Amino acid sequence: MKTFQQLYWDILKQETGQGRILAGEYKPYHMDCLLHPERFAPVVFAEDCEQCAYDQACRNSCIFDAFEEDEEGKIRINKEKCIGCGACVDACRLEKLAANKDVVPVLRAVRGSGREVYALVAPAFLGQFGEGVTTGKLRAAFKAMGFQGMIEVAVFADLLTLKEALEFDANIKEEQDFQLTSCCCPVWIAMIRNVYGELMPHVPGAVSPMIAAGRVVKKLHPEAVTVFVGPCMAKKKEAREADIADAIDYVLTFQEVQDMFEAAEIHPQLLGEDEKEHSSRAGRIYARTGGVSEAVKETVQQLHPNRPIEVRAEQADGVPACRAMIEKLKQGERTANFYEGMGCKGGCVGGPKIIIDQAKGEENVNRYANEAEYRTPLDNPFVLELLERLGFHTIEDFLEKSDLLVREFA
């Protein structure tokens, strides 16, 4: 029997016209994982896992208790509990765990559905697909793959920056008030919801930039297929949460996209430029730790330069640091009024499915941010035009009626 990874590449080559698969060479479980990823957790078994020589390191690494035993004593992954943080994949020294993959249904949507398919690319993308691959070249590569177009999620991070700045301005009136940013990190939000639920009243009911992007695209193009592209496995789980499952059809990691380009023999660095950059510096820095709070702070200052209570932010890097920050907060050790958590060290640029080094990714993000023509969403005419197209004619409308950008945390 061929391995999970061998099957993955065989299917990729078949779907891109570069090869074919032979029945009987693959395990049915692996085939089902790749053809129907929605049936499984963000993490799947790449190999059979009967006995563990390392005292179930995967299970011990999971703060969400997603690993369970069935009636026969075999370890299984609970699809509902698994967030996709990737801690178990790193912990498994036998390498029997792997990220679930959405490549096959995406390729079939792009090449055979007859619908417009849009790639919604996370702000951490710059430099991930090779030196010299600019935003315009990456957009051209997606179009060569068969996508209708590529949209920067940083534009929708701009929208969320404005929303969170307005929420802060409306709700933080006293020194003891504080806000836990909903930001872009599903691991951070899942940790608060599942482990520290008593703090949920301090989390604004805002969707992530990924969900905002998907909802807006589907509002403007109702028949579109939306594919989020980023460094994060946890986004696969977030996209399937019941109250926001209307936004994103599939999630690809940077590594999956790189594999897709390789299988189809598409070389982004050799393509021409297809430029359409509309995001501000504020939206672009969401990709690294501190970016959300920096963006919100600058926008609040722009809204009300003389506000008596300004944004005092504290950030946490990685799951242990997030837990430590929350524990201090629960014990009354509070020195900030805006708390930002990132499940991965460095933020999204340190995600489990990055292609380049985290430090290099952060350097790229900061450079791209500093090249932005606009600093905040309030400066960005494309954001203001988008709000108009969505029916928000005043700032008050946006704060009170922005159903597209709101969710109810259960």
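Reader: What makes both faces of β8 count as covered?

Author: Val225, Val227 and Val229 are buried on one side. Thr226, Phe228 and Gly230 are buried on the other. Buried means under 20% relative accessible area, exposed over 50%, and partly exposed in between (1.4 Å probe, protein chains only). Six of the six residues of β8 meet the buried criterion.

Reader: What sort of model is this, and what does it count?

Author: This is a predicted model: local features need pLDDT of at least 70, side-chain atom pairs count only at pLDDT 80 or more, and totals for chains, interfaces and linings use all residues. Residues are numbered from 1 along each chain as its sequence is written, and side-chain values use heavy atoms, with hydrogens and water left out.

Reader: How do you know that β8 and β9 pair?

Author: Helices (H or I, at least four residues) and strands (E, at least two) are DSSP runs, numbered from the N terminus. Two strands pair if DSSP finds at least two bridges between them. β8, residues 225–230, shares four bridges with β9, so the two pair. The sense is parallel. Val227 has Tyr250 of β9 as its bridge partner. For Phe228, the partner in β9 is Val251.

Reader: What about β5 and β8?

Author: Five bridges join them, so they pair too. This pairing is also parallel. Tyr118 stands opposite Thr226 in β8.

Reader: Why are β6 and β9 called edge strands?

Author: The open sheet has four strands, in the order β6-β5-β8-β9, with parallel pairing. β6 (149–152) and β9 (250–253) each pair on one side only. From one strand to the next, the twist averages 30°. Helix α5, residues 103–112, packs on this sheet. α5 touches β5 (117–121), β8 and β9. Contact means heavy atoms within 4.5 Å. The direction of α5 makes about 115° with that of β9. Axes are lines fitted to C-alpha atoms, for helices over the stretch in contact, with angles from 0 to 180 degrees between N-to-C directions.

Reader: What makes a set of residues a nonpolar core?

Author: The members are buried Ala, Val, Leu, Ile, Met, Phe, Trp, Tyr and Cys residues, joined through side-chain atoms within 4.5 Å. In soluble globular proteins, nonpolar side chains tend to be buried together. Here the largest core has 91 residues. Leu97, Leu180, Trp188 and Ile248 touch the most other members. Helix α7 (residues 154–171) gives the largest share, nine residues. Apart from this core lies another, of 48 residues, including Val117 and Phe261.

Reader: Which residues does Leu180 touch?

Author: Beyond four places in sequence, its contacts include Trp188, Ile192, Leu199 and Tyr339.

Reader: Why is the Phe142 and Phe261 pair called by the name you give it?

Author: Rings of Phe, Tyr and Trp (its six-membered ring) pair if their centres lie within 6.5 Å; planes under 30 degrees apart are stacked, over 60 edge-to-face, the rest tilted. The whole structure has ten aromatic pairs. Tyr8 and Trp9 form one that is edge-to-face, at 5.9 Å centre to centre and 65° between the planes. For Phe142 and Phe261, the centres are 5.5 Å apart and the planes stand at 65°, so the pair is edge-to-face as well. This pair links distant parts of the chain, 119 residues apart: Phe142 is in helix α6 (residues 135–145), Phe261 in helix α11 (residues 254–264).

Reader: Are those two phenylalanines buried or exposed?

Author: Phe142 has 0% relative accessibility, so it counts as buried. Phe261 is at 1% and is buried too. Both belong to a ring cluster with Phe129, Phe147 and Phe254.

Reader: What makes Lys101 sit over the ring of Tyr8?

Author: NZ of Lys or CZ of Arg must be within 6 Å of the ring centre and within 35 degrees of the ring normal. The charged end of Lys101 is 4.5 Å from the centre of the Tyr8 ring and sits over that ring. Lys235 does likewise over Phe228, at 5.8 Å.

Reader: How do you know whether Asp65 and Glu95 are buried or exposed?

Author: Asp65 has 53% relative accessibility, so it counts as exposed. Glu95, at 62%, counts as exposed too. Asp65 lies in the loop between α3 (57–61) and β2 (67–69). Its phi is near 55°, a positive value in a residue other than glycine. Phi of Glu95 is also near 55°.
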